[in-house]
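Q: Please take a close look at one part of this model, the stretch that a UniProt record annotates as an insert domain, and then set that part in the context of the rest of the chain.

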Amino acid sequence: MHGRLKVKTSEEQAEAKRLEREQKLKLYKSATQTVFQKRQAGELDESVLELTSQILGANPDFATLWNCRREVLQRLESQKSPEELAALVKAELGFLESCLRVNPKSYGTWHHRCWLLSRLPEPNWARELELCARFLEVDERNFHCWDYRRFVAAQAAVPPAEELAFTDSLIVRNFSNYSSWHYRSCLLPQLHPQPDSGPQGRLPEDVLLKELELVQNAFFTDPNDQSAWFYHRWLLGRGCVSPPADPQDALHCLHVSRDDACLTVSFSRPVLVDSRTVTLLLIIDESPLPVEWRTPDGRNRPGHVWLCDLPAASLNDQLPQHTFRVIWTAGDIQKECVLLKGHQEGWCRDSATDEQLFRCELTMEKSTVLQSELTSCKELQELEPENKWCLLTIILLMRALDPLLYEKETLQYFQTLKAVDPMRAAYLDDLRSKFLLENSVLKMEYAEVRVLYLSNKDLTVLCHLEQLLLVTHLDLSHNRLRALPPALAALRCLEVLQASDNAIESLDGVTNLPRLQELLLCNNRLQQPAALQPVASCPKLVLLNLRGNPLCQTVGTLEHLAELLPSVSSILT
């Protein structure tokens with residue numbers, strides 16, 4: 001046996017590795033403790049650089065140690081000669097590269113490199129671009145490196161066209177490169193600014209078509225890769241799939257009620273009205289009137305709807321009319337409505353159709369582009385019938401082109417999409433509910449009525465309730481709603497609410513509805529009488545139907561209901 005190499009057993013190997021790890025850990029802890037002691041003592045010298053190099057070389061994600069190195073380098077800047085400082089910086093850049101080879105996705109390392117380059121009088125930006133190219137050659141989806149490249153390109157004033165060409169080369173090599181697609185979405189607006197279109201300006205038609213062709217090649221090559229589909233969604237936004245954001249605040253609706261002695265305002269977005277700063281002014285018959293503004297739920301947090309009580313003198317029925325003008329000083333906008341003699345209410349409302357709230361007005365060119373995209377996606381869907389990205393894109397395209405014309409087809413695609421993507425069924429149900437409610441608002445406006453029927457639509461959520469301020473009758477029965485949300489309190493004119501045959505457990509949205517007379521809640525999931533507390537705040541409620549709810553199963557509960565709701569003349573259980 002003499003002269004033969006002894007082979008360690010697995011137990012011996014494991015023990016040797018354990019001892020090696022323990023030794024490394026002791027050194028690691030000792031070096032870290034020494035760094036912290038020297039830092040606390042203010043001894044920020046080159047020995048700290050050496051100690052932190054030992055630790056960061058093995059674990060580049062120790063953020064505190066990068067902070068220590070920056071503190072040392074800042075101190076040495078005033079102590080070293082320019083030549084010595086240049087050598088120190090060169091060594092630091094080399095050390096950073098070695099750390100990136102250990103972990104190319106180290107937040108701390110890339111951040112430290114940005115910090116270091118930012119402090120140099122004449123950084124070698126060309127070298128940094130080459131560094132980025134090398135790391136992206138290894139992993140073209142390293143978003144840390146992409147972030148750093150954007151930083152370098154901005155500092156070096158690299159023309160956007162050159163960077164766009166760089167993304168071309170990587171995308172052609174591999175379509176599954178989300179960072180490259182994202183970078184294009186940053187570069188194209190710089191290359192093709194549209195000064196008259198605001199920050200979300202549209203791309204020129206020829207550029208849009210070229211980009212759509214590129215991204216179509218990508219998702220026809222690999223339909224299941226999400227990178228190209230996300231970029232396609234961004235392009236569609238540039239082509240009017242989603243409506244542009246409001247360029248400024250808007251007062252969508254103004255309503256005044258003689259019966260309730262109340263004036264209500266609906267905004268285009270949630271706002272906070274502060275009476276102390278007088279951001280919302282009320283002028284009646286050309287005379288300013290100081291009032292206290294509040295939200296319908298009384299919480300006075302940012303909301304779409306705000307209201308105020310009106311003094312009796314402002315509702316004099318002996319005059320031919322009263323003119324109410326509201327001015328939102330924060331946005332320099334106003335709206336006016338008239339209350340005529342003998343009328344109990346008056347209002348002024350913007351049209352959701354005219355304002356393009358739920359879709360954009362398409363030019364012939366944009367319609368042609370989107371119709372072409374719809375055709376292409378349908379062709380792909382025939383080849384890939386279970387591709388969720390394709391199905392969702394088809395839904396959005398039809399929504400952009402004509403939500404009412406394509407409503408039936410859209411619902412069919414939603415059904416297919418839920419079947420192929422069951423993990424996101426809840427999200428899809430909510431999105432479908434949102435689209436259906438938007439369509440219903442448009443139909444209600446076309447019919448010029450104040451009654452909204454939303455029964456048997458399989459709704460899971462309620463949205464855009466601020467658009468329903470003038471609705472008097474709302475039918476939500478036979479859906480899958482679990483609550484009447486607080487935003488429902490915006491329906492200041494609501495008289496009849498049918499919400500039977502849902503799964504409702506909460507009635508928060510019924511709070512303080514001034515005109516509500518009938519509330520039908522049969523076959524829901526109301527468990528305790530306390531759930532009906534919001535109902536007690538409705539002054540005109542006379543009929544409450546609770547049949548089929550769990551709370552109706554005991555006599556004691558029924559007696560409690562009568563005490564809780566003394567003003568309700570008819571409670572059906």
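A: What follows describes the annotated stretch strand by strand and then turns to other parts of the chain.

The model is a predicted one, and the annotation comes from a record: in an unreviewed entry, UniProt places the feature "domain: Rab geranylgeranyltransferase alpha subunit insert-domain" at residues 252–352. This span is 0% helix and 50% strand, and its end C-alpha atoms lie 9 Å apart. The domain assignment, for its part, divides the protein chain into domain 1 (23–158), domain 2 (164–192 + 203–236), domain 3 (251–349) and domain 4 (450–571).

One element of the architecture here is an open sheet of four strands, with the order E5-E2-E1-E8 and antiparallel pairing. Strand E5 (303–309) and strand E8 (345–349) stand at its edges, and because each has a single partner strand, one side of each is left without a neighbour in the sheet. From one strand to the next, the twist averages 15°. Strand E1 (residues 251–257) and E8 run antiparallel and are joined by five bridges; within E8, Arg349 is the bridge partner of Cys253.

A further set of pairings centres on strand E3 (residues 280–284), of whose five residues four are buried, so that E3 is largely enclosed by the rest of the structure. E3 is joined to strand E6 (residues 321–328) by five bridges, and the two run antiparallel; Leu282 has Val326 as its bridge partner in E6. E3 is also joined to strand E4 (residues 287–288), again in the antiparallel sense, here by two bridges, with Ile283 standing opposite Pro288 in E4. Between E3 and E4 there are two residues, the two strands forming a hairpin, and Asp285 in the turn has a positive phi of about 50°.

The cysteines deserve a separate word. With a disulfide taken as a pair of cysteine sulfur atoms within 2.5 Å, the count comes to zero disulfides. Cys262 is in no disulfide, since the nearest cysteine sulfur, that of Cys308, is 6.4 Å away. Cys262 is buried, with a relative accessible area of 8%. Cys552 is likewise in no disulfide, and the nearest cysteine sulfur, that of Cys522, is 8.9 Å away; Cys552 is buried as well, with a relative accessible area of 17%.

Elsewhere in the chain, six strands form an open sheet in the order E9-E10-E11-E12-E13-E14, and here the pairing is parallel. Its edge strands are strand E9 (451–453) and strand E14 (570–572), each of which pairs on one side only, and the twist averages 5° from one strand to the next. Within this sheet, strand E10 (residues 473–475) pairs with strand E11 (residues 496–498) in the parallel sense over three bridges, and His473 stands opposite Val496 in E11.

For a helical element, one may turn to helix H3 (residues 63–77), whose 15 residues should span 21 Å at 1.5 Å a residue; its end C-alpha atoms are 22 Å apart, which agrees with that expectation. The buried residues of H3 are Leu65, Trp66, Cys68, Arg69, Arg70, Val72, Leu73 and Leu76. On the scale of the chain, the centres of domain 1 and domain 4, taken over C-alpha atoms, are separated by 62 Å.

How values were computed
Residues are numbered from 1 along each chain as its sequence is written. This is a predicted model: local features need pLDDT of at least 70, side-chain atom pairs count only at pLDDT 80 or more; totals for chains, interfaces and linings use all residues. Side-chain values use heavy atoms; hydrogens and water are left out. Buried means under 20% relative accessible area, exposed over 50%, partly exposed in between (1.4 Å probe, protein chains only). Two strands pair if DSSP finds at least two bridges between them. The expected span of a helix is 1.5 Å times one less than its number of residues. Axes are lines fitted to C-alpha atoms, for helices over the stretch in contact, and angles run from 0 to 180 degrees between N-to-C directions. Domain bounds come from an automatic or database domain assignment. UniProt positions are given in the numbering used here, feature names are shortened, and annotations may be inferred rather than shown by experiment.
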